[in-house]
Amino acid sequence: MGELIRLIYVSRAISTALHAKEIVRVAQLHNGEHDLTGVLIATTRLYIQALEGASDTVHALYQRIAKDQRHVDPRVIEVSETDLRLWPGWSMQLLSAAHWEARTASLGIDTYEHAIKSGTQICEHLYGLKR
């Protein structure tokens, strides 16, 4: 099955908040069946998503996600092996733009370009989310 990993990516959102809710609804069904966990932050400009699970399963899912037409320019900002899941109870949790922006306002992570350059800070904030 492969070692447990965490993959975090950023992409440019070209869809609506309704799309984000549908993405999460489908992800919760799929991820529950494949022992995947994670979180999705959806703003008007960005998607930031973290996926946790077996390496081969996470990479296969990311390849599908990268082809999804509801976003463009997906970029992985971190892949790391881990012993513990940060979000063990979340097959996929949607966090609102307001929640994300309140946590990161001081960092100025509001555009795709800022998000790519701020990968370390994004990861640190994701790691600080309540499980």
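Colleague: What relative accessibility does Arg-12 have?

Modeller: This is a predicted model: local features need pLDDT of at least 70, side-chain atom pairs count only at pLDDT 80 or more, and totals for chains, interfaces and linings use all residues. Residues are numbered from 1 along each chain as its sequence is written, and side-chain values use heavy atoms, with hydrogens and water left out. Buried means under 20% relative accessible area, exposed over 50%, and partly exposed in between (1.4 Å probe, protein chains only). Arg-12 counts as partly exposed, because its relative accessibility is 27%.

Colleague: How many salt bridges does a search of the whole structure find?

Modeller: A salt bridge needs a side-chain nitrogen of Lys or Arg within 4 Å of a carboxyl oxygen of Asp or Glu. Arg-12 and Asp-73 are one such pair, at 2.6 Å from N to O. Over the whole structure, the search gives a count of five.

Colleague: Which strand holds Asp-73, the partner of Arg-12?

Modeller: Helices (H or I, at least four residues) and strands (E, at least two) are DSSP runs, numbered from the N terminus. The Arg-12 and Asp-73 side chains meet in a salt bridge. The pair ties together parts 61 residues apart in sequence, because Arg-12 lies in strand β1 and Asp-73 in strand β4.

Colleague: Which residue forms a salt bridge with Arg-25?

Modeller: Look in helix α1, three residues away, about one turn of the helix. The closest N and O atoms are 2.8 Å apart. Arg-25 is partly exposed at 44%. Its partner is Glu-22.

Colleague: Is Arg-85 buried or exposed?

Modeller: Arg-85 forms a salt bridge with Asp-35, at 3.1 Å between the closest N and O atoms. The pair links distant parts of the chain, 50 residues apart: Arg-85 sits in the loop between β4 and β5, Asp-35 in the loop between α1 and β2. Asp-35 is partly exposed at 47%. Arg-85 has a relative accessible area of 18%, so Arg-85 is buried.

Colleague: Which residue shares a polar contact of 3.2 Å with His-30?

Modeller: His-30 lies in helix α1 (residues 17–33) and counts as buried, at 19%. A polar contact is a pair of N or O atoms within 3.5 Å; within protein, one must be able to donate a hydrogen and the other to accept it, and residues adjacent in sequence count only if both atoms are side-chain atoms. Leaving aside residues up to four places away in sequence, His-30 touches (heavy atoms within 4.5 Å) Leu-36, Leu-61 and Arg-64. The side chain joined to His-30 by the polar contact is that of Arg-64.
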